[in-house]
Amino acid sequence: MSAPPPKLRSKTSKPATAFFVLYMAALIAYLVIRCIGIARGMTNWGERGYSIAVLIVEVIGVSALVPYAFANLKPTLPIEEPEKDAPTTWKEFGVSDNFDVFILVPCYKESWATIKRTLMCAMFARVPPGCRKHIILGNDGHDVSNPNCRARPELVKKLQHDMRRMYPGREDWFYAIHESRRPKVRFDPNNNTFTGDNKRIAGNAKSLNLNHCIKIVIPKILAHHHPHHNHTDPNEPRLADFDEAVLRRSVVVVLDCDMAIANDPNEFMLVDRPPRNGDGVGFLPKILRVLSDDRWDLVLTPQYFTNISPYADAFNHLNPQFWEYILPGLTTLGYVACTGTNMGLRLSMLHNHSSTNDRNENQAVKEFAKGQGIVSARYEAAMQGPFPVYSVTEDYALSLELKKAGVKGTYHAEYLVRGAAPSGITAVDIQRGRWTEGHYQIFFSRKNPAFYPHKLGLMGAIYYNYGTLAYLANIITIWVYQFVPLLSALDIQPVAFSPAFRYAATAYLLLTVAVQYYVREAPHYFGMWRANMSNILLSWTYTKAIARAALGTKSGFATHTAAEDAPADDIMPNPPMPDKQEDSLAQESVRDVVGQLLYFALLLLLSFATIVICIAKTVQSGRLHSRFLLPTAWALYNAVGPVLFFCAATLKKSKSLELAMYLLSMMHTLMSFTALVAMWFVNSALSIGYIDPTQQK
């Protein structure tokens with residue numbers, strides 16, 4: 001296959017490079033001066049030990065920032081195509097091969113209204129001429145005693161019937177939705193039956209669902225369009241029965257059932273017109289254009305949520321820091337990114353790769369691998385597929401496995417798929433807790449990326465553990481930085497405020513802000529602040545998840561999409577438009593969030609205690625001392641995160657939360673600069689322990 005015109009470009013960012021170089025110089029100078037201050041300015045080993053402990057925590061915090069700053073140096077971004085330069089033909093666009101596109105939509109207990117929107121947007125989504133599109137609904141709720149799940153097969157048939165009636169004359173594959181129902185219990189060869197629930201197939205349910213679609217359903221669809229060679233059972237084709245060329249021209253697209261392809265309102269009329277980079281539509285053609293290049297076997301696109309205001313996004317669902325900065329930079333460094341949805345994978349790569357070869361748990365799988373298994377064993381063998389089952393975060397695990405196997409992937413940083421973010425603190429806690437737990441399941445196992453530098457490379461070994469360790473670094477720094485101002489209020493200082501320290505600390509802190517809040521577009525600045533705040537708001541979730549992974553207890557996979565008893569029956573003349581932002585915030589009962597409430601109440605209490613002590617000492621002395629102003633400003637700075645959580649938990653309207661977040665962001669910024677200024681007025685004679693008030697400026 002010939003490579004298409006280059007539409008992704010890696011380019012060094014001069015501002016990011018300048019900030020990084022200056023930051024590293026300031027960091028080194030700061031650490032040297034801190035070490036000198038500890039060695040020369042502190043003679044008491046108890047005081048010195050406290051200062052060393054704080055310095056270690058500072059280094060832990062730095063370990064989460066330096067890799068992020070380094071990744072920002074050379075991002076991989078789409079080349080913008082102005083409308084006047086947009087391709088007018090598919091040949092100009094760059095897709096010359098005829099692809100079979102398989103859109104996999106795994107679902108469980110989600111509402112039909114949610115699933116229907118995703119299916120309809122997939123049906124309308126354009127593909128280049130000569131390409132076929134096959135939609136597969138991985139119905140994992142087929143055995144659930146839920147009215148919504150039981151009615152789903154009939155609703156799918158009705159949708160196809162209504163689409164044929166309203167939009168006649170299209171190819172058969174335009175209307176087709178293939179439903180996949182995987183067996184959930186093991187096969188007993190002695191009784192020639194499937195066993196009961198006590199023998200349910202273990203592992204990540206989404207991975208098992210996708211593996212069944214890939215290894216059982218897709219071969220049957222391919223067999224209708226391509227020749228295959230199956231000498232065992234013609235009715236049970238396998239991927240191995242097809243030529244490599246067919247598999248390379250077959251692309252698997254994974255979409256969560258609440259993620260809908262963004263289509264132009266006139267998409268139905270634009271089937272013969274290619275999209276352009278930057279127009280926000282054309283998900284499938286842009287995926288295929290990248291995979292027309294033999295260098296890539298995987299391409300990922302970002303997620304966008306339409307039901308939440310960016311200015312009320314306290315838990316950072318939109319996460320521009322990740323989609324706009326981390327992933328473009330990691331792509332340049334060779335990271336293979338998977339996020340579980342909105343990605344295209346070459347079928348030949350999935351066929352040649354298995355992430356679960358170490359899970360051959362019964363003889364049926366081994367027999368099938370030898371070509372001797374019975375038909376039922378084939379279904380169980382499908383569970384041993386490319387999507388890993390050993391972690392609740394199959395996307396991160398797949399990313400790691402593909403990188404170890406030498407697969408090349410890239411990232412197209414354009415929002416082409418839109419969905420709905422989880423609503424409510426409990427739903428967020430379930431989702432983010434699962435993400436964290438999955439990372440630490442791998443971290444605490446023999447699959448830890450640190451054990452595979454020979455396969456991942458040095459940068460891969462670092463960055464595949466980077467996000468995992470960042471969770472822990474976040475928890476440690478939050479708690480230590482709560483106690484430091486409290487102890488400072490009690491005249492126990494972690495540093496010697498020498499002139500050299502003041503200069504080094506000022507340069508270091510200002511450049512830390514510059515690196516942390518570096519943006520290419522001004523609107524992203526508030527997104528960076530949200531990212532930092534969300535790490536505080538989710539620190540209790542991270543703590544629970546790490547504990548579960550360490551103890552080996554599993555939370556499993558839980559859907560966070562709200563159920564709807566009355567699915568919509570209308571067939572819209574155009575692809576469904578994105579959902580509107582929610583005006584009302586989901587309200588939680590106190591019982592559901594009691595853990596978070598106690599956690600953040602304790603954090604807030606520590607900040608409040610610091611402020612009270614400083615005020616009392618200020619009143620007692622009769623004058624405002626900078627040695628009390630500094631911990632007060634720091635305590636107010638620390639209080640912003642817990643206060644934001646209580647706002648998110650109690651406010652009922654998005655507009656109210658937007659106002660609260662705006663005011664808190666202003667306070668956060670003001671207190672950081674107040675603390676920085678106060679540091680300059682702390683007498684240089686101040687060290688660990690007691691200081692004579694007469695020496696205080």
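An axis here is a line fitted to C-alpha atoms, for helices over the stretch in contact, and angles between N-to-C directions run from 0 to 180 degrees. The tour below goes through a predicted model, and it begins with a pair of helices to which that definition applies directly.

**First stop: H19 and H22**

Select H19 together with helix H22, residues 626-650, whose axes come within 9 Å and cross at roughly 80°. Angles of 65 to 115 degrees count as roughly perpendicular, and H19 is therefore described as roughly perpendicular to H22. To see the contact itself, show the side chains of Trp529, Met533, Ile536 and Leu537 on H19, and on the H22 side display Val640, Gly641, Pro642, Leu644 and Phe645. If you colour this contact by residue class, you should find 8 nonpolar residues and 1 polar residue, with no charged residue taking part.

**Second stop: the second largest pocket**

Keep H19 selected, since H19 gives the most to the lining of the second largest pocket, with 4 residues. That pocket holds about 790 Å³ of space, and among the 31 residues that line it, Glu324, Ala413, Tyr415, Glu521 and His524 are the closest to its centre, which makes them a convenient selection on which to centre the view. Next add strand S2 (76-78) and helix H11 (320-332), which, like helix H19 (524-537), each supply at least two residues of the lining. Coloured by class, the lining of this pocket divides into 14 nonpolar, 8 polar and 9 charged residues.

**Third stop: H2 and H18**

Move now to helix H2, residues 45-71, and helix H18, residues 499-516, where the axes come within 10 Å and cross at roughly 50°. With that angle, H2 and H18 are therefore oblique to each other, and H2 passes H18 in a left-handed crossing. For the contact, select Val62, Leu65, Tyr68 and Ala69 of H2, and then Tyr508, Thr512, Val515 and Gln516 of H18. By class, the residues of this contact are 6 nonpolar and 2 polar, and none is charged.

**Fourth stop: H18 and H23**

Leave H18 on screen and add H23, which packs against H18 at an angle of about 165°, with the two axes 10 Å apart. Because of that angle, H18 is roughly antiparallel to H23, and H18 passes H23 in a left-handed crossing. The residues to display on H18 are Phe501, Arg502, Ala505, Thr506, Leu509 and Leu510, which meet Phe673, Leu676 and Met679 in H23. This contact comprises 7 nonpolar residues, 1 polar residue and 1 charged residue.

**Last stop: the largest cavity**

From H23 the tour can pass to enclosed space, because helix H23 (654-679) and helix H16 (425-443) each supply at least two residues of the lining of the largest cavity. The structure holds 4 cavities of 30 Å³ or more, and about 270 Å³ of space lies in the largest. Centre the view on Ile308, Pro422, Ser423, Gly424 and Leu585, which lie nearest the centre of this cavity among the 21 residues that line it. As a final step, colour the lining by class, where 12 residues are nonpolar, 7 are polar and 2 are charged.

Methods: Residues numbered from 1 in each chain as written. Predicted model: local features only at pLDDT ≥ 70, side-chain atom pairs only at ≥ 80, totals over all residues. Heavy atoms only, no water. 1 Å grid on protein atoms, 1.4 Å probe; cavity = no way out; pocket = protein on both sides within 12 Å on 5 of 7 lines; lining within 4 Å. Points joined across faces, edges and corners; volume = space filled by probe spheres on them. Nonpolar A, V, L, I, M, F, W, Y, C, P; charged D, E, K, R; others polar. Parallel < 35°, antiparallel > 145°, perpendicular 65-115°, else oblique. Left-handed = near helix turned anticlockwise from the far one by under 90°. Contact = heavy atoms within 4.5 Å.
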